[in-house]
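Here are a few exercises to work through with the model on your screen. Try each task before you read its solution.

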Amino acid sequence: DEVLLAEIWREALGVPRVGQHDNFFNLGGHSLLCLNVIVQIEKRTGKRLSPRLMLRDSLAQVAAQL
């Protein structure tokens, strides 16, 4: 799940690398982009995440919720 999530974050943020301890918003994410990412995650996994999870947690923590 971390690999898939990192791929989605990289595509959305336009960054070359996302580490397991990175936070979406610290990498430059914003609320509208967050919602787009949540839609992509749902399309690829069938699971819907809370935007609050993306706000405060690292990639590894978000992936653990998948």
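**Exercise 1. Find out which residues the network of salt bridges links.**

Step 1. The network of salt bridges is made of E7, E11 and R44. A salt bridge here is a side-chain nitrogen of Lys or Arg within 4 Å of a carboxyl oxygen of Asp or Glu.

Step 2. Before going on, know what you're looking at: this is a predicted model, where local features need pLDDT of at least 70 and side-chain atom pairs count only at pLDDT 80 or more, while totals for chains, interfaces and linings use all residues. Residues are numbered from 1 along each chain as its sequence is written, and side-chain values use heavy atoms, with hydrogens and water left out.

Step 3. Take the R44 and E7 pair: their closest N and O atoms are 3.1 Å apart. R44 sits in helix 2 (residues 31–45) and E7 in helix 1 (residues 2–13), so this salt bridge ties together parts that are 37 residues apart in sequence. Helices are DSSP runs (H or I, at least four residues), numbered from the N terminus.

Step 4. Now the E11 and R44 pair, again with closest N and O atoms 3.1 Å apart. It links distant parts of the chain, with E11 in helix 1 and R44 in helix 2, 33 residues apart.

**Exercise 2. Work out how exposed R44 and E7 are.**

Step 1. Set the cut-offs: buried is under 20% relative accessible area, exposed is over 50%, and partly exposed is in between (1.4 Å probe, protein chains only).

Step 2. R44 comes out at 36%, so call it partly exposed. E7 has 30%, which makes it partly exposed.

**Exercise 3. Describe the salt bridge between E42 and R48.**

Step 1. Look at the side chains: E42 and R48 meet at 2.9 Å, N to O.

Step 2. Check the surroundings: E42 is partly exposed at 32% relative accessibility, whereas R48 is exposed at 56%.

Step 3. For the full tally, the structure holds 4 salt bridges.

**Exercise 4. Is I41 buried or exposed, and what is it in contact with?**

Step 1. Locate I41 in helix 2.

Step 2. With a relative accessible area of 1%, I41 is buried.

Step 3. Leave aside neighbours within four places in sequence, and I41 is in contact (heavy atoms within 4.5 Å) with L5, I8, G46, K47, L49 and L66.

Note on methods
Helix = DSSP H or I, 4+ residues; strand = E, 2+ residues; numbered from the N terminus.
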